[in-house]
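Dear colleague,

I am handing over a structure that you have not worked with before, and below it you will find an account of what was found in it. Please keep the view open while you read.

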Amino acid sequence: MATAPLVVVSGPSGVGKSTVVAAALEADPSVWLSVSATTRAPREGEIDGVNYFFVTRDRFEEMVHAGEFLEWAEFAGNRYGTPRGPVQERRSAGIPVILEIELQGARQVRLSDPTARLVFLAPPSWEVLEARLTGRGTESPESVAARLDAARAELAAQGEFDDVVVNTDVRESAQALLDFLHG
Ligand code: 5GP
C-alpha cells in the first residue's frame, strides 16, 4: 500500500488552527491528527493523551535524545514535539495524517520528508489575530507577548508553504484543508 499523505498545518498562535482542524476531522473522520508531546502545563479542560502528552522537561529531553521525535521546537518558553512512531504507523496503514505545528517544526518536516505538504492558516488581519490571542484569556501577558512576537515571524514565512488559507470562516477553511489533503 502506498504511504498516505502527511499534511502540516501551521500558522500563528490564535489563528484558529485547532478549531479548523477539529472541523476538518469531524467532516472527514478517516484522517488522523497527531498528538504532540509538550512541556507546557495543561490548560483548563485539556486532557493528557488527547490534546497533548504533557511531559516534564527531563522526559522531553530523553525523548529528543532517543530520536523519538519527527520534529520538535521551542515555542513561547515551552517545548513541543511530534512523536515519530504513531505518524509512521498510520501512514503505512493508509491513513492520512495531519500535524498541527508551528513554523520551525514545519520547516524540519519539509527537510526530512519532501513528500509532506504544508498549508499555512493566516488570519484575516493582524488586528483580528491580536484580538483573538488576547481575548481567549488562556495565556499570561508574557505568553501573549511571546506568541505575538512569534506571529510576526510566522506571517513573514507564509511564502514557504504550498498553500495559504485565510481563516475567515471555520467551515470554509476546514473544507479548504480537506481539499488540499485529498487534492
Ligand atoms: P499551544 O501552546 O497554543 O497549544 O501551542 C503553541 C504552538 O505550538 C502552536 O503554534 C502549535 O501549533 C504548536 N505545536 C503544537 N504541537 C507541536 C509540535 O509537536 N511541534 C511543533 N513544532 N509545534 C507544535
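Helices, here and below, are DSSP runs of at least four residues, numbered from the N terminus. With that in mind, Arg-91 can be placed in helix H3, which spans residues 84–92. Please note before going further that this is a predicted model.

Is Arg-91 buried or exposed? Residues under 20% relative accessible area are called buried, and Arg-91, at 11% relative accessibility, therefore counts as buried. A polar atom of the Arg-91 side chain lies 2.8 Å from the backbone oxygen of Ala-4. Helix H3 is also the place of Arg-84, which has a relative accessible area of 31% and is therefore partly exposed. Between Arg-84 and Gly-67 there are 8.4 Å from C-alpha to C-alpha, with the two residues 17 apart in sequence.

The ligand

The model holds a ligand surrounded by 17 residues, of which Ser-36, Arg-40, Tyr-52, Tyr-80 and Glu-102 are the closest. When the residues of this shell are sorted by character, eight are charged, five are nonpolar and four are polar.

Several polar atoms of the protein can be followed to the ligand. From Glu-71, a polar side-chain atom lies 2.7 Å from a nitrogen atom of the ligand. The backbone takes part as well, since a backbone N or O atom of Gly-81 lies 3.2 Å from a ligand oxygen atom, and a backbone N or O atom of Glu-100 lies 3.4 Å from an oxygen atom of the ligand. On its own the ligand has 510 Å² of accessible area, and the protein covers 95% of this.

As for where the ligand sits, the space that it takes is the largest pocket. Which elements give two or more residues to the shell around the ligand? They are strand E5, residues 69–75, and strand E6, residues 78–83.

The loop between E5 and E6

Ala-76 is found in the loop between these two strands, E5 and E6. Most residues other than glycine have a negative phi. Ala-76, although it is not a glycine, has a positive phi of about 45°. With 30% relative accessibility, Ala-76 counts as partly exposed, because that value falls between the limits of 20% for buried and 50% for exposed.

Strand E9, the loop after it, and helix H6

Val-164 is found in strand E9 and, with a relative accessible area of 34%, is partly exposed. The C-alpha atoms of Val-164 and Asp-113 are separated by 20 Å, while along the chain these residues are 51 apart. Asn-167 lies in the loop between strand E9, residues 163–166, and helix H7, residues 170–182. What is the relative accessibility of Asn-167? The value is 3%, so Asn-167 counts as buried, and the Asn-167 side chain reaches the backbone oxygen of Val-15 at 2.8 Å.

Helix H6, residues 141–156, contains Glu-154, which is buried, with a relative accessible area of 3%. Glu-154 and Val-109 are 45 residues apart in sequence, and their C-alpha atoms are 16 Å apart in space.

With kind regards

Conventions: Residues are numbered from 1 along each chain as its sequence is written. This is a predicted model: local features need pLDDT of at least 70, side-chain atom pairs count only at pLDDT 80 or more; totals for chains, interfaces and linings use all residues. Side-chain values use heavy atoms; hydrogens and water are left out. A residue is near a molecule or strand if one of its heavy atoms lies within 4 Å of it. A polar contact is a pair of N or O atoms within 3.5 Å; within protein, one must be able to donate a hydrogen and the other to accept it, and residues adjacent in sequence count only if both atoms are side-chain atoms. Accessible areas come from the Shrake-Rupley method with a 1.4 Å probe; for residues, only the protein chains shown count as cover. On a 1 Å grid over the protein atoms alone, a cavity is a set of points where a 1.4 Å probe fits but cannot get out, and a pocket is an open set with protein on both sides within 12 Å along at least five of seven lines; lining residues have an atom within 4 Å of a point. A molecule sits in a cavity or pocket if more than half of its atoms lie within 2 Å of its grid points. Ala, Val, Leu, Ile, Met, Phe, Trp, Tyr, Cys and Pro count as nonpolar, Asp, Glu, Lys and Arg as charged, and the others, Gly among them, as polar. Buried means under 20% relative accessible area, exposed over 50%, partly exposed in between (1.4 Å probe, protein chains only).
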